[in-house]
Amino acid sequence: MDNELTMQQEILAIAKELSRARQSEESVLEKLCEAACAEVRSRLREGIGEEDCAAAFTCACAWLAAAGLLAARGGGEEIASLRAGDVSVTTRTGNECGESAGCLRRQAWELMAPYVTDSGFCFCGVQG
């Protein structure tokens, strides 16, 4: 149980860093982490547990949770960087946040590819 708690804390910490979560967003991000873990866990191949791919599982869950928060912020602009000397503020548009979220999602599933069942492909009957 302690190991699971530690993994959950690590996932949350990584997701906070990636998404630059504000304090007011932390409870939402925590729920997104739980949902990401459940999603990844549900797709693990039979016989593979999260401890078998702990590093990949941790990163993938954090990336998916961060992507969820970035996508939720989607509308409007967010500050991308701020410099105090000679005051410089750079903003990122909602579209750029969406692109970042999509990139994080793709990376998460590519990282987990060896451990999860493939849900993005199926054969359909073709009459010849």
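**Exercise 1. Work out how Lys-31 and Glu-34 are placed in helix H2 and how their side chains meet.**

Step 1: find the element. Lys-31 and Glu-34 are three residues apart in helix H2 (residues 26-43), so about one helical turn separates them. Helices here are DSSP runs of H or I with at least four residues, strands are runs of E with at least two, and both are numbered from the N terminus.

Step 2: recall the geometry. An α-helix has 3.6 residues a turn, so residues three or four places apart point the same way.

Step 3: check the side chains. Lys-31 and Glu-34 form a salt bridge at 3.9 Å, N to O. The term salt bridge asks for a side-chain nitrogen of Lys or Arg within 4 Å of a carboxyl oxygen of Asp or Glu.

Step 4: look at the cover. Lys-31 is exposed at a relative accessible area of 54%, while Glu-34 is partly exposed at 36%. The classes are buried for under 20% relative accessible area, exposed for over 50%, and partly exposed in between (1.4 Å probe, protein chains only).

A word on the model before you go on: it is predicted, so local features need pLDDT of at least 70 and side-chain atom pairs count only at pLDDT 80 or more, whereas totals for chains, interfaces and linings use all residues. Residues are numbered from 1 along each chain as its sequence is written, and side-chain values use heavy atoms, with hydrogens and water left out.

**Exercise 2. Find how many salt bridges the whole structure has, and describe those of Arg-22 and Glu-50.**

Step 1: count. A search of the whole structure gives four salt bridges.

Step 2: take Arg-22. Its partner is Glu-25, with 2.9 Å between the closest N and O atoms. Arg-22 is partly exposed at 44%, whereas Glu-25 is buried at 10%.

Step 3: take Glu-50. This residue lies in the loop between H2 and H3 and pairs with Arg-41, the closest N and O atoms being 2.5 Å apart. Glu-50 is buried at 15% relative accessibility, and Arg-41 is partly exposed at 36%.

Step 4: add the surroundings of Glu-50. Not counting residues up to four places away in sequence, Glu-50 touches Met-7, Arg-41, Leu-44 and Phe-57. Contact here means heavy atoms within 4.5 Å.

**Exercise 3. Trace the contacts between Ser-19 and Ala-66 and describe the helices that hold them.**

Step 1: start from Ser-19. It is found in helix H1 (residues 2-19) and is buried at 1% relative accessibility. Leaving aside neighbours within four places in sequence, Ser-19 is in contact with Leu-29, Ala-66, Leu-69, Leu-70 and Arg-73.

Step 2: move to Ala-66. Helix H3 holds Ala-66, and this residue is buried with a relative accessible area of 0%. With the same sequence neighbours left aside, Ala-66 is in contact with Ala-15, Leu-18, Ser-19, Leu-29 and Leu-104.

Step 3: compare chain and space. Ala-66 and Lys-16 are 50 residues apart along the chain, yet their C-alpha atoms are separated by 7.2 Å.

Step 4: size up H3. This helix (residues 54-73) has 20 residues and reaches 29 Å from its first C-alpha to its last, close to the 28 Å expected. The expected span is 1.5 Å times one less than the number of residues. H3 is mostly covered, with 14 of its 20 residues buried.

**Exercise 4. Describe the phi angle and setting of Arg-20, then what lies over the ring of Trp-109.**

Step 1: examine Arg-20. It has a positive phi of about 50 degrees although it is not a glycine. Arg-20 lies in the loop between H1 and H2 and is exposed at 53% relative accessibility.

Step 2: turn to Trp-109. The charged end of Arg-43 sits over its ring, 4.0 Å from the centre. To count, NZ of Lys or CZ of Arg must be within 6 Å of the ring centre and within 35 degrees of the ring normal.

**Exercise 5. Summarise the protein as a whole.**

Step 1: list the elements. There are four helices and two strands, in the order α-α-α-β-β-α along the sequence.

Step 2: add the totals. Of the 128 residues, 32% count as buried. Among contacts with a separation of 6 or more, residues 24 or more positions apart account for 69%.
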